[in-house]
Amino acid sequence: EDLDLVIQETKRCAAIIRRLLDFAREKTPEKSYVDINETIEECMQLINQATQLADIDLVTDLDAQLPAVWMAQELIKQVIMTMLVNAQHAIGQEGTITVTTRLGTECPSTQADISNSPMVQITIRDTGCGIEPEHLDRIFDPFFSTKDVGRGTGLGLSVSHGTVEAHGGTIEVESELGEGSEFRICLPTKSRKDNAQVNEQ
């Protein structure tokens, strides 16, 4: 039993170190045009068993007409997984997680050279405990966590925020205590190069 505990904690420490390294160093990830709906469905499958055991319903409303998104798939997949797992933890037992995709016509961009790119908006809504109003301005800060000790590093949302901004997108949250939370992720669909060609035309 002691050895099992050592192994478990070692794996947890390794995961924390990996996330620290990802947060600390600037990497140039490989990007390609990806079907964001397929990426979301893969993430939903990964948490499906855990949510079923907790009586949490997974609902998707994905726009089949969305264009492909220029992105580093594994990084954005990790962002979505972070949001889904956080939503699951916020609910605990019995509730609903709803994921929606739409063409985000009013989504802002953080980078001027892709400001004219069509944007895709991913909305992840849960019926969980909500976020304390005084915490809303801090949830994207490194190492800030409202979870119990041992359940969170405070890096998940911070790394997610950095990943989305590095893609030229934005991430926002609205929450009401006792009612649930809604995270909105906006991502540009075109690469800088493709967007520059469109602007020249």
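**Reading helix H3 and the sheet in a predicted model**

Modeller: In this predicted model, Gly 92 directly follows helix H3 and adopts a positive phi of about 80°.

Biologist: How do you know that the span of H3 agrees with its 19 residues?

Modeller: Helix H3 covers residues 73-91, and at 1.5 Å a residue it should span 27 Å. Its end C-alpha atoms are 27 Å apart, so the two values agree.

Biologist: Which residues of H3 are called buried, and what makes them so?

Modeller: A residue is called buried because its relative accessible area is under 20%. In H3 the residues that meet this cut-off include Ile 76, Val 79, Ile 80, Met 83, Leu 84, Ala 87 and Ile 91. Lys 77 and Gln 88 are also among the buried residues of H3.

Biologist: What makes S2 and S6 edge strands?

Modeller: The open sheet has five strands in the order S2-S4-S5-S7-S6, with mixed pairing. Strand S2 (56-62) and strand S6 (170-176) each have a single partner strand, so one side of each lacks a neighbour in the sheet. From one strand to the next, the twist averages 10°.

Biologist: Why are S4 and S5 called paired?

Modeller: Pairing requires at least two bridges, and seven join S4 (residues 95-103) to S5 (residues 119-126); therefore they count as paired. These two strands run antiparallel. Leu 103 has Val 120 in S5 as its bridge partner.

Biologist: Which helices lie across strands of the sheet?

Modeller: Helix H2 (residues 36-53) lies across S2, S4 and S5, at about 170° to S2. Helix H4 (residues 156-166) lies across S6 and S7, at about 30° to S7.

Technical notes: Residues are numbered from 1 along each chain as its sequence is written. This is a predicted model: local features need pLDDT of at least 70, side-chain atom pairs count only at pLDDT 80 or more; totals for chains, interfaces and linings use all residues. Side-chain values use heavy atoms; hydrogens and water are left out. Helices (H or I, at least four residues) and strands (E, at least two) are DSSP runs, numbered from the N terminus. The expected span of a helix is 1.5 Å times one less than its number of residues. Buried means under 20% relative accessible area, exposed over 50%, partly exposed in between (1.4 Å probe, protein chains only). Axes are lines fitted to C-alpha atoms, for helices over the stretch in contact, and angles run from 0 to 180 degrees between N-to-C directions. Contact means heavy atoms within 4.5 Å.
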